Amino acid sequence: MSALIILVSCDEGRLYGEDVLISQEGGNARIIATVAGLETWSEQYTLAVAGFEDGNEFALISKNIEPTVTDGKCDVVLTGIPPEVSTVELCAIDRLRRRVATFASSAYVIENDTLMINITSVDLSMSKAIQKEIFNTTCIQCHGGSNHIAAGLNLIDGESFSNMITVPSVKVPDMNRVQPGNSASSVLYLILSESASSTWSYDHSVEIVRQEKLDLIRNWIDGGAIL
């Protein structure tokens, strides 16, 4: 075995200036990043460095990043990576260790050297995960992309949350698009999780079919819709 002197976040707590033993059984990866937004996540989730195999949304191995990272500096070593792992990711996972959002990733092949991933700065907030995983991939085609803004709701990055949080819905004027602390009174969640928009020109409930994505929106709203 060899030893590295590093700052590492782990499941058992943070270690500073300790000799961390890197096992030669399985591979190793190290992510160094300046991060923000860890404190916005609710207790249902964990920010982590994790290894995934192709076609599997559940992490085969992971190492937690604690929300109290000093000065935003994060240095995490993931050891004992099994050969099935094809990507190493800086991500959010739920209690089942299921991938919820990916903020950075790198292809992984076991080698003698540790895979190094350096990230200058990354926003790991819950709202950024929603923007990246849901609005950017699913919604902006109708809400902001190609100069088309359905119902006056612009969901492009930098505009989305100011257009939703405590803003009355055009379709349901007596309700807000997002009511912080109450997903059941938020039009955004209702139209994605139920058939509330089935009588509109488009039924939005067909868009988000993965339960972990719906849970992400619900938990964000119920947690106060923190940015």
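Reader: What is the volume of the largest pocket, and which residues are the closest to its centre?

Author: In this predicted model, the largest pocket has a volume of about 520 Å³. Its lining comprises 22 residues, of which H143, A150, I191, W200 and H204 are the closest to the centre.

Reader: Which helix gives the most to the lining of the largest pocket, and how is the lining divided by class?

Author: Helix 1 (126-139) and helix 2 (187-193) each supply at least two lining residues. Helix 2 gives the most, with four residues. By class, the lining has 14 nonpolar, five polar and three charged residues.

Reader: Why is C139 not counted as bonded to C142?

Author: A disulfide requires two cysteine sulfur atoms within 2.5 Å. The closest cysteine sulfur to that of C139 belongs to C142 and is 8.8 Å away, so the two are too far apart for a bond. A search of the whole structure finds zero disulfides.

Reader: Why are C74 and C139 called buried?

Author: Buried means under 20% relative accessible area. C74 has 4% relative accessibility and therefore counts as buried. C139, at 13%, therefore counts as buried too.

Reader: Which residues touch the most other members of the largest nonpolar core?

Author: Of its 52 residues, W41, I65, F103, F135, L216 and W220 do so. Helix 1 gives the most to this core, with six residues. Apart from this core lies another, of six residues, including A48, F52, A59 and C91.

Reader: Which residues does L216 touch?

Author: Leaving aside residues up to four places away in sequence, L216 touches W41, Y45, V100, M126, A129, I130 and I134.

Methods. Residues numbered from 1 in each chain as written. Predicted model: local features only at pLDDT ≥ 70, side-chain atom pairs only at ≥ 80, totals over all residues. Heavy atoms only, no water. 1 Å grid on protein atoms, 1.4 Å probe; cavity = no way out; pocket = protein on both sides within 12 Å on 5 of 7 lines; lining within 4 Å. Points joined across faces, edges and corners; volume = space filled by probe spheres on them. Nonpolar A, V, L, I, M, F, W, Y, C, P; charged D, E, K, R; others polar. Buried < 20%, exposed > 50% of the residue type's maximum accessible area, 1.4 Å probe, protein only. Core = buried A, V, L, I, M, F, W, Y, C linked by side-chain atoms within 4.5 Å. Contact = heavy atoms within 4.5 Å.
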